[in-house]
Amino acid sequence: MCREHLIAKQIIDEKIKSQRPFSYKEINGLILEKGGILRISTGITIGNYLTQLEDFGIIKFNPKKSRFTVNMK
């Protein structure tokens, strides 16, 4: 995994560990600010990764608030 992909994954993982809600826009901003790119790996975008985490029940998207919440405790 290249450095830029690793930055993106680490930021999302840190948000999940913090257990605080976050938005897609926040994640994108943090990733770009830290020098990452909006992909976890070749062919997997940030949106794809968040969808996978939602499918696994790790996070849940609240469309009214446009924020993800963490389901893990």
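Select Phe 68 to begin: in this predicted model, its relative accessibility is 7%, and Phe 68 therefore counts as buried, the cut-off for that class being under 20%. Keep Phe 68 displayed, since the next stops are its ring partners, and a search of the whole structure finds 2 aromatic pairs.

Add Phe 22 to the selection and compare the two rings, whose centres are 5.4 Å apart and whose planes meet at 25°, so that this pair is classed as stacked. Colouring by secondary structure shows where the partners sit: Phe 22 belongs to the loop between helix 1 (3-18) and helix 2 (24-33), whereas Phe 68 belongs to strand 4 (residues 67-70), so the pair ties together parts that are 46 residues apart in sequence. Both Phe 22 and Phe 68 are buried.

Now bring in Phe 61, whose ring centre lies 4.9 Å from that of Phe 68, with the two planes at 55°, so this second pair is tilted. Is Phe 61 buried or partly exposed? With a relative accessibility of 31%, Phe 61 counts as partly exposed. With the three side chains shown together, you have a cluster in which ring pairs link Phe 22, Phe 61 and Phe 68.

From the rings, move to the backbone and select Ser 66, which is found in the loop between strand 3 (59-62) and strand 4. Most residues other than glycine have a negative phi. Ser 66, although not a glycine, has a positive phi of about 55°. Its relative accessibility is 41%, and on that basis Ser 66 counts as partly exposed.

Next, go to Gln 19, in the loop between helix 1 and helix 2, which is also the loop that holds Phe 22. What is the sign of phi at Gln 19? The angle is positive, at about 65°, although Gln 19 is not a glycine. The side chain and backbone of Gln 19 together leave a relative accessible area of 38%, so this residue is partly exposed.

The following stop is Thr 45, in strand 2 (residues 44-45). Its relative accessibility of 26% is the reason that Thr 45 counts as partly exposed. Which residues does Thr 45 touch, once those up to four places away in sequence are set aside? They are Leu 38, Arg 39 and Ile 40. A distance drawn from the C-alpha atom of Thr 45 to that of Ala 8 should read 9.7 Å, for two residues that are 37 residues apart along the chain.

Finally, zoom out to the whole chain and follow the elements from the N terminus, where the order is α-α-β-β-α-β-β, giving 3 helices and 4 strands in the protein. The C-alpha trace spans about 30 × 20 × 20 Å along its principal axes. A compact globule of 73 residues would have a radius of gyration near 11 Å, and the 12 Å of the protein agrees with that expectation. Among contacts between residues at least 6 apart in sequence, 51% join residues at least 24 apart.

With a surface representation switched on, the protein exposes about 4900 Å², of which carbon and sulfur atoms supply 54%, while buried residues make up 29% of the 73 residues. Colouring by charge closes the tour: there are 13 positive and 7 negative charges, and their mean positions are 6 Å apart.

Terms used:
Residues numbered from 1 in each chain as written. Predicted model: local features only at pLDDT ≥ 70, side-chain atom pairs only at ≥ 80, totals over all residues. Heavy atoms only, no water. Helix = DSSP H or I, 4+ residues; strand = E, 2+ residues; numbered from the N terminus. Rg over C-alpha atoms; globule rule 2.2 N^0.38 Å. Buried < 20%, exposed > 50% of the residue type's maximum accessible area, 1.4 Å probe, protein only. Contact = heavy atoms within 4.5 Å. Areas by Shrake-Rupley, 256 points an atom, 1.4 Å probe, with all protein chains shown as cover. Lys, Arg positive; Asp, Glu negative; His and termini not counted. Charge placed at Lys NZ, Arg CZ, Asp CG, Glu CD. Phe/Tyr/Trp six-rings, centres within 6.5 Å; stacked < 30°, edge-to-face > 60°.
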